[in-house]
There are 2 protein chains.
Amino acid sequence: MAMLAIGRLSKDSGVKIPTIRYYESIGLLPPPVRSEGNRRLYPPEAVRRLRFIRHARELGFEIDAIRRLADLAQDPEKPCCEADLLARRRLVEIEEKISRLAAQREELVRMIGDCAHGRIEECRVIDTLDDHAKCLHAKH
Amino acid sequence: MAMLAIGRLSKDSGVKIPTIRYYESIGLLPPPVRSEGNRRLYPPEAVRRLRFIRHARELGFEIDAIRRLADLAQDPEKPCCEADLLARRRLVEIEEKISRLAAQREELVRMIGDCAHGRIEECRVIDTLDDHAKCLHAKH
DNA sequence: CTTGCTTCTCCAGTGACTGGAGATTGTAGC
DNA sequence: GCTACAATCTCCAGTCACTGGAGAAGCAAG
Ligand SMILES: [Zn+2]
Ligand SMILES: [Zn+2]
Ligand SMILES: [Zn+2]
Ligand SMILES: [Zn+2]
């Protein structure tokens, strides 16, 4: 089988070279064999593993969760409840983040909309920041 | 005027003590006078300044932006366009974040919903992570 | 053989805190 | 005055997931 140099792996997987080395250093990607000149040589499957990792990162999973997911993916006979649980946890996290951001958005829209764009003295942006009581939905 | 110790300031402002010291170290909060025994002594206005900072942090402004906003707040005669611009920038950022999160949510909901919760082999969560092509709206 | 590209290791920096160690200061009760 | 105990001091390391630079070494083509 044709082994890949790290640059090739990087291009094929869409993961930057320093990131690949970083993943190896934290044990997320197994250390590959080395050439005579000490360069990393990856088997073709490494592309798939890295793409898996990248996709999970894009969905916002933390490294620890990805480690579990990647391990589970190697074990086709196991029940998938743990994988599903990790996904549901991430979903909850996302929903919390979205609602926090939505509250921030609401307040910013109001601040910006209310401001007549005159002097600082009458600026609604500064004014609202200065007095949290002026933001009614104080839930952030 | 009654000066405040850092613990009092912390309670009144809702900002933790190490964070107050950190803000001082990065020049966001001016260094206060010291007591004979080298403790920090804050004027009452410090509470307001810290609350302003906290409110801005809660809205997700970065420290650099807050530095500008807090400086502007001291200058009531200036036009407020810069403050408004910073707020609009933050709003744009928020909206980008929300849409990224919404895309992630959509994919996770589908993964979780499609999964029959059997073995890993048939798990839609693992399967989708493994092949990004299986997520149609590949926009994350 | 030289040029230029790739890769190597090691280390420091990012942002915004957070917390621990170990020393000192302040205060209240006895 | 003495003794607890609380509050504060400085300094430093750790968090998360990378990112990039320095300086050295390997490798392929002309
Ligand atoms: Zn304004
Ligand atoms: Zn608010
Ligand atoms: Zn499943
Ligand atoms: Zn996807």
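Which polar backbone atom lies 3.2 Å from a phosphate oxygen of DNA strand C? In this predicted model, the atom belongs to Gly37(B). The legends below begin with this strand and then turn to the two chains and the zinc ions.

**Figure 1. Polar contacts with DNA strand C.** The view shows Gly37(B), whose polar backbone atom is 3.2 Å from a phosphate oxygen of the strand. Thr19(B) also approaches a phosphate oxygen of DNA strand C, with an N or O atom of its side chain at 3.0 Å. Arg39(B) reaches a base: a polar atom of its side chain lies 3.0 Å from a base oxygen of DNA strand C. Two or more residues of the surface near the strand come from each of α1 (6–13) and α2 (17–25) of chain A and α2 (17–25) of chain B. The element that gives the most is α2(B), with four residues.

**Figure 2. The protein surroundings of DNA strand C.** The strand is surrounded by 20 residues, and the closest are Gly7(A), Arg21(A), Arg39(A), Arg40(A) and Tyr23(B). Of the atoms of DNA strand C that come within 4 Å of the protein, 78% belong to sugar and phosphate. By residue class, this surface holds eight charged, seven nonpolar and five polar residues.

**Figure 3. The contact between chain A and chain B.** Each chain brings 54 residues to the contact. Together the two chains bury about 4700 Å², and carbon and sulfur atoms carry 69% of this area. On the side of chain A, the residues that lose the most area to chain B are His55(A), Ile120(A) and Leu129(A), which together make up 15% of what that side buries.

**Figure 4. The zinc ion (ligand 1).** Both chains coordinate this ion: chain A through the SG atoms of Cys115(A) and Cys123(A), and chain B through the SG atom of Cys80(B) and two OD entries of Asp84(B). The distances run from 2.2 to 2.6 Å. Cys80(B) counts as buried because its relative accessibility is 0%, under the 20% limit. Asp84(B), at 1% relative accessibility, is likewise buried.

**Figure 5. The zinc ion (ligand 3).** Here chain A supplies Cys80(A) (SG) and Asp84(A) (OD, listed twice), while chain B supplies Cys115(B) (SG) and Cys123(B) (SG). These protein donors lie 2.2 to 2.6 Å from the ion. Is Cys115(B) buried or exposed? Its relative accessible area is 5%, so Cys115(B) is buried. Cys123(B) is also buried, with a relative accessible area of 0%.

How values were computed:
Residues are numbered from 1 along each chain as its sequence is written. Chains are lettered from A and ligands numbered from 1 in the order in which they are written. This is a predicted model: local features need pLDDT of at least 70, side-chain atom pairs count only at pLDDT 80 or more; totals for chains, interfaces and linings use all residues. Side-chain values use heavy atoms; hydrogens and water are left out. A residue is near a molecule or strand if one of its heavy atoms lies within 4 Å of it. A polar contact is a pair of N or O atoms within 3.5 Å; within protein, one must be able to donate a hydrogen and the other to accept it, and residues adjacent in sequence count only if both atoms are side-chain atoms. Ala, Val, Leu, Ile, Met, Phe, Trp, Tyr, Cys and Pro count as nonpolar, Asp, Glu, Lys and Arg as charged, and the others, Gly among them, as polar. Donors are N, O and S atoms within 2.8 Å of the metal (3.2 Å for Na, K and Ca); water is not among the atoms, so sites may look incomplete. Buried means under 20% relative accessible area, exposed over 50%, partly exposed in between (1.4 Å probe, protein chains only). Contact means heavy atoms within 4.5 Å. Buried area is the accessible area (1.4 Å probe) that two parts lose on being put together, summed over both.
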